[in-house]
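Me: I am new to this structure and would like a close look at a single part of it. Could you take me through one buried spot and what lies around it?

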Amino acid sequence: MNQLPTRADIDEKYKWDLSAIFDSVEEWESEWSAVYDRLGDLREYEGRVAQDGEALLRALQLFGEVLRRTQRLRLYAQLKRNEDTENSAHQERLHESNRLDREVTKVTDMVRREIQATGRETIMQAVETTEELEVYKHLLDDVLQMGSRARSSEVENLLADFTEVIESPTRVYSSLTNNDIEPQSVETPGGEQVEVTGVNLGNYLRHRDRTFRRRTYQSVYEEYAAVKHTIATAYADNVKAQVALADARSYDSVREMAFNKPSYPETGLHIHLPVEVHDTLTTAVRDSLDPLHQYYERRKAILGLDELKAWDLDVPLADAHEPTVAYEEARDHILTAVEPLGDSYKNQLDEFFASQRIDVYETRNKQNILAYGPLSYDTGSYILLNYQNDVRSMSILAHELGHAMHAEYLREAQSPAYATGTRPIEEVPSYVHEILLAHHLLNVDDYALRQYARDRLLDVLLGIYGSTLHSLFTHKTYRTVEDGEDLTLDRIEEIYTDLLSEFRGPMEIDTWAKRGWLVGSHGRLPYHFYQYTLGTAGALRTVEQLLDGTVTPNEYHDFLRAGGTVRSVEAFETLGLDIQSREPFERACSVVEKYVEELGVIE
């Protein structure tokens, strides 16, 4: 049987080197203790955080130092745990990291409360009379603006203590899907037995043999369906926990809370995205579903099918054999693709490849996701990848490298207080990479590579519909609980089925399609899917302007460097997008329509 390799089977050059974060577990433990002790220094400012400019300055310096050092501790614990999700020592270390996070939250919340209680006038007078506080002016404004959400120290400490309880449903889902759902063995058309997982399912669903595609799809979704009551309970409990938290903070909804949550990584700043953007975005896309429906009709016709099933959505429409793309080849293509972003950008990306911060291949017990790239200010990003030697994996690698490069520019340009990417704009750099890669591949000599690049580009662009569908699924499930109704398994399935019927009109919405909600990003924070719609719309416009010269590489670099110094709406405006209007989303859907019309016409 073709089984997943163990971590020991992988060449060292394809594994990340975490020694740049901490050289050993003992060093991590020593730093954990040092940061915990440092919290005591910050606690000593309780009652006098803003008594004068010098005290405020020192408190803010300690505030930033603690958050920065905590980022590094959390990063190491997360990455080690994700190498092997069944390793109890790694799990315990992540638990200890989370415990420290809760203590940090209590102390940093104290600093915020005292700033808010002091009032804007007195705080800004301190800024004017203490020159070194000027760099914190934007951060202080953010803290003061969030004053209406602050609670008493007793309530804030209680909420911090309950963080682990509130997050328990997401851990249940993660443990269930990573540890208790076993890879299933499926026979290939050639007679070989292969293990199918949530990570490699997408690869097998591109197989030309429809019967094999159906078997692989059903093998995974049968396993998830067997525990659907547990997944539904975990999902519903997570929704209820978030609704309770939003109520405790006097938000009108979880959506409002999510659109004002801390930016990533945590520096003290918040997102501040108007909730109306979400309504505008989802309405504009829902009113522009014709290109998506046309795509399904074209797909069904090109594949010669009477009915389009869930396992027919990923098989390539190209008429060539799928090319194998080794990791080193993917690196070379990506480096060539980013040339429109300037030589300095390309050189810095090349250095990132050489820094051994990418964990390349899927291994047994590795985190069961396609890829992600967490970061800390001190170290930059690390990328967990499950590379499959194909065009799709190359594109996903390019996506995560967009995040990594964004982090590099932030770290170079900003102090720790502002080296944070506001979530509404953080998917723009990643989709810029994917779209530039597709443009590059569409012009290579390799015919098969060109065809598969076009398929992948269309997949990326169609994501604007998928992310909107899932954003609406989130919104409707949360509104169900906010309206006082029970979020049962039947209600969850009803909401998902109604959205499928709307978005995938030409498809048969059978039992297998309806199970799609079971395999999702339920471990993520609520209301994150909108980021991908914003990212796609923003990246399409940005690439268009980069290629026609309207936006220069340096102007794009400035966008990457801005970080927490610019609010999301204003950041998009620097790229020429008004995300409070329908235009960027309608424009993106029209680009999808153009590529759908060209299906089957490949040079």
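Reply: Happy to help; here is a walk around Leu269, followed by a short visit to His278.

This is a predicted model, where local features need pLDDT of at least 70, side-chain atom pairs count only at pLDDT 80 or more, and totals for chains, interfaces and linings use all residues. Residues are numbered from 1 along each chain as its sequence is written, and side-chain values use heavy atoms, with hydrogens and water left out.

Leu269 sits in the loop between helix H12 (254–258) and H13; helices (H or I, at least four residues) are DSSP runs, numbered from the N terminus. Leu269 counts as buried because its relative accessibility is 3%, and buried means under 20% relative accessible area (1.4 Å probe, protein chains only).

What does Leu269 touch, not counting residues up to four places away in sequence? Its partners are His138, Leu139, Asp142, Pro262, Ser263, Ala417, Tyr418, Thr420 and Gly564, where contact means heavy atoms within 4.5 Å. As for Met394, 125 residues apart from Leu269 along the chain, the two C-alpha atoms are separated by 33 Å.

Now to helix H13 (residues 276–286), which holds His278. With a relative accessibility of 2%, His278 counts as buried. Leaving aside neighbours within four places in sequence, His278 is in contact with Arg255, Phe259, Ser471, His475, Tyr527 and Tyr530.

Definitions and conventions: Helix = DSSP H or I, 4+ residues; strand = E, 2+ residues; numbered from the N terminus. Buried < 20%, exposed > 50% of the residue type's maximum accessible area, 1.4 Å probe, protein only.
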